[in-house]
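Trainee: I have just opened this entry, so please take me through it piece by piece.

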Protein chains: 2
Amino acid sequence: MWQPSTRVTIRDVAERAGVSVATVSKVINRRYGVAAATVRRVQDVIDELGYEASLVAQSLRNHRTNVIGVLVTDLEPFSTELLKGIAAAIRNTGYELVIYSAGGRVSDRMSEHVGWERRYLSRLNGTLVDGAILVTPTVVEVQSDAPVVAVDPHTGSHDVPTIDSENLHGGALATEHLIALGHRRIALLGGRPDLESAKLREQGFRRAMAAAGVPVDEGLILVGGYVAQVSADAARALLDRPDRPTAVFAANDVSAIATISVARELGLRVPQDLSVVGFDNIPESVLCTPRLTTVNQPIQTMGERAVRTLIQLIRNEEPESTHVSLATDLVVRESTAAPGG
Amino acid sequence: MWQPSTRVTIRDVAERAGVSVATVSKVINRRYGVAAATVRRVQDVIDELGYEASLVAQSLRNHRTNVIGVLVTDLEPFSTELLKGIAAAIRNTGYELVIYSAGGRVSDRMSEHVGWERRYLSRLNGTLVDGAILVTPTVVEVQSDAPVVAVDPHTGSHDVPTIDSENLHGGALATEHLIALGHRRIALLGGRPDLESAKLREQGFRRAMAAAGVPVDEGLILVGGYVAQVSADAARALLDRPDRPTAVFAANDVSAIATISVARELGLRVPQDLSVVGFDNIPESVLCTPRLTTVNQPIQTMGERAVRTLIQLIRNEEPESTHVSLATDLVVRESTAAPGG
DNA sequence: CTGAAAGCGCTAACAT
DNA sequence: ATGTTAGCGCTTTCAG
């Protein structure tokens, strides 16, 4: 067994097999015009040395990698669920999956945050991935030679194919549920203001309130940014008020769960003293106590659709649809009840 | 606004700024020896063109990327939870995270399966990542110039730093719980036979059985491979028997949940007719009905420890420990009860 | 059938 | 202070 002191390159293989690197390359890529005996000899050396072509060098040279890239700001529950769907859909397609996570670092400064996916996509620079899925991107006006699909994107014009769910309808469902239970002072703990989904959920909230003739107290509209810490702070401000709301519609489950935590911390019982509805139906929504009433969004399916669309784009086929919007529905669990009890 | 027809390279920037590519490179990398005026001019062009250095070209040249790679066979619940921990730990370290998923393709043929991480690591070939975390690898005898840490690895000698949990103890806990409830015919739905964790969980099972003086029926020892489908088939075989067990210890939660499904399908009530214990405590273990009694393994913490160790290795520091083993404990929920009860 | 050479985009000596 | 050059590992003409 030969032990290389360092990583083995095509050169090592060539030298050991007594041929040129060009010949080795041809063997690797199964090109014609190599003598059968040579192929065997080279192949033996490749096996012996455990050689694998460098992905980096290859993709600098070629522009085809059979890799699909997914760009996420962070691995929170939503993107995690989405990734499961993406991974499932990618199976048996012949593509491999590479996930880039900005690691949440981007959220420190908004200036860095906006456009991170553009920068990262530029860094990929038409190599390393044949196409990319952008998850909750802050911007979709990306200039990329590789095809791109956006999931739950930023507000604005979409020249990029998009996957999302019926956020407006979902927002209305959640709100109608609270109203039907008898709530009047209903707070909205909004999402990331730059995301289309957050705006639509708020819009659904307002429509449902208006339709029921319930006035919206603008003082009860806060921003949770889809983030636990921000949401907890907002929830505390909300629940510390003497005229606190009897119900909160949180724009995602992470915010809703944070709200429940704060409520318990303040000695409020959920749902007796405060009803909470979330949005997303992430696995965690069943882990918390009480189990969360929430709007179900088919997150994994969204991932599957994103993959399907992207592969069609990569293959230069006409995509079935340029904007996929999946249905949402309400899942009633234990975090909501009639006010006062 | 200048619109490039194709992706912009360092050459485009150099030409437009009227300098050489070397100068642009120096500006990008903040090297000394560039006139302030030149820096400004180049920077302006970079901003104008929206240039970002190609990660691929850079890492072919350098051998430092500030990227940590994680290799997973697939995104199932365990690896997903682990990734959350890894992502959290990597935040604010200055590293970025790239996750490679073999997309489950590897599991088709065992010959392809074994050593996939070795092949992939070779393809990375000392570029693109400064170090890697291998999740449930089939082999750890990797030759990589970049440091490597293994989580829940293959059986065998570990020259690679390893993170796992107290699998033996956990297996014993689960089994003791069933015995304490009064079960005698206890089946074991084992894990992936190549993984150390699966062997240790089985060993824990056998020890607890022996300690309690309960005989092990070897016919009730099956392999679920940590995979839902395989586990479901095994569970069916098990529960179809006239002398079926009254309890099953499944070596991971995915197997346990599959077992519960099969049981209900066969008209068996859980836990009245069959008790089921899992292992892992993944979020899904609370989603299923009945909620799963399981052995808790601090998956996210394992990810954090893996990152910590890897970064120490990358920095050429002595790692705190070369084998981290985290504690496990039993979480009793609703899938277990006294037999016939 | 095989190899020499150019070049993908970038950086680091080494000139000038 | 700036530019020229070589080369990271690979693939692809194009000669031999």
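**Two chains, two DNA strands**

Trainee: What turn lays chain A on chain B?
Mentor: A turn of 180° with a shift of 0.0 Å along the axis lays chain A on chain B with an RMSD of 0.1 Å, the copies being superposed by least squares on C-alpha atoms of residues with pLDDT of at least 70 in both. That is the relation of a two-fold axis. Keep in mind that this is a predicted model, in which local features need pLDDT of at least 70 and side-chain atom pairs count only at pLDDT 80 or more, while totals for chains, interfaces and linings use all residues. Residues are numbered from 1 along each chain as its sequence is written, and chains are lettered from A and ligands numbered from 1 in the order in which they are written.

Trainee: Which residue of chain A comes closest to the rotation axis?
Mentor: That is A:I99, whose C-alpha comes to 2.5 Å from the axis.

Trainee: And how many residues of each chain are in contact?
Mentor: In chain A, 43 residues are in contact with 43 residues of chain B, where contact asks for C-beta atoms, placed from the backbone, within 7 Å. Because 98% of the interface residues of chain A are also interface residues in chain B, the copies meet through the same surface.

Trainee: Which elements give two or more residues to the side of chain A that touches chain B?
Mentor: They are helix 4, helix 5 (77–90), strand 2 (96–101), helix 7 (116–124) and helix 12 (284–287) of chain A, helices (H or I, at least four residues) and strands (E, at least two) being DSSP runs numbered from the N terminus. Strand 2 of chain A gives the largest share, 6 residues. By class, this side of chain A has 19 nonpolar, 13 polar and 11 charged residues; Ala, Val, Leu, Ile, Met, Phe, Trp, Tyr, Cys and Pro count as nonpolar, Asp, Glu, Lys and Arg as charged, and the others, Gly among them, as polar.

Trainee: In what sense do strand 2 of chain A and strand 2 of chain B pair?
Mentor: Strand 2 of chain A and strand 2 (residues 96–101) of chain B pair in the antiparallel sense over 5 bridges, and pairing needs at least two bridges found by DSSP. A:V98, for one, has B:Y100 as its bridge partner in strand 2 of chain B.

Trainee: Let's move to the DNA. Which residues come nearest to DNA strand D?
Mentor: Of the 25 residues around DNA strand D, A:I10, A:A22, A:S25, B:A22 and B:A35 come nearest, a residue being near if its C-beta atom, placed from the backbone, lies within 6 Å. Helix 2 (21–28) and helix 4 (55–61) of chain A, with helix 2 and helix 4 (55–61) of chain B, are the elements that give two or more residues to this surface. The largest share, 5 residues, comes from helix 2 of chain A. The surface near DNA strand D has 12 nonpolar, 10 polar and 3 charged residues.

Trainee: And which come nearest to DNA strand C?
Mentor: There are 24 residues around DNA strand C, and A:S20, A:A22, B:I10, B:A22 and B:S25 come nearest. Helix 2 and helix 4 of chain A and helix 2 and helix 4 of chain B are the elements that give two or more residues there, and the surface near DNA strand C divides into 12 nonpolar, 10 polar and 2 charged residues.

Trainee: At what angle do the axes of helix 1 and helix 2 of chain A cross?
Mentor: The axes of helix 1 (residues 10–17) and helix 2 of chain A come within 8 Å and cross at roughly 105°, with axes fitted to C-alpha atoms, for helices over the stretch in contact, and angles run from 0 to 180 degrees between N-to-C directions. That makes helix 1 of chain A roughly perpendicular to helix 2 of chain A, since angles under 35 degrees count as roughly parallel, over 145 as roughly antiparallel, 65 to 115 as roughly perpendicular and the rest as oblique. A:I10, A:R11, A:V13, A:A14 and A:A17 of helix 1 make the contact with A:V21, A:V24 and A:S25 of helix 2.

Trainee: One last topic: in what order do the 6 strands of the open sheet of chain A come?
Mentor: The order is 7-6-8-9-10-12 in chain A, with mixed pairing. Strand 7 (221–223) and strand 12 (329–331) of chain A are the edge strands, each pairing on one side only, and the twist averages 20° from one strand to the next. Strand 8 (residues 247–250) and strand 9 (residues 275–280) of chain A run parallel and are joined by 3 bridges, with A:V276 of strand 9 as the bridge partner of A:V248. Helix 9 (residues 196–212) of chain A lies across strand 6 (186–190), strand 8 and strand 9, running at about 170° to strand 6 of chain A.

Conventions: Contact = placed C-beta atoms within 7 Å.
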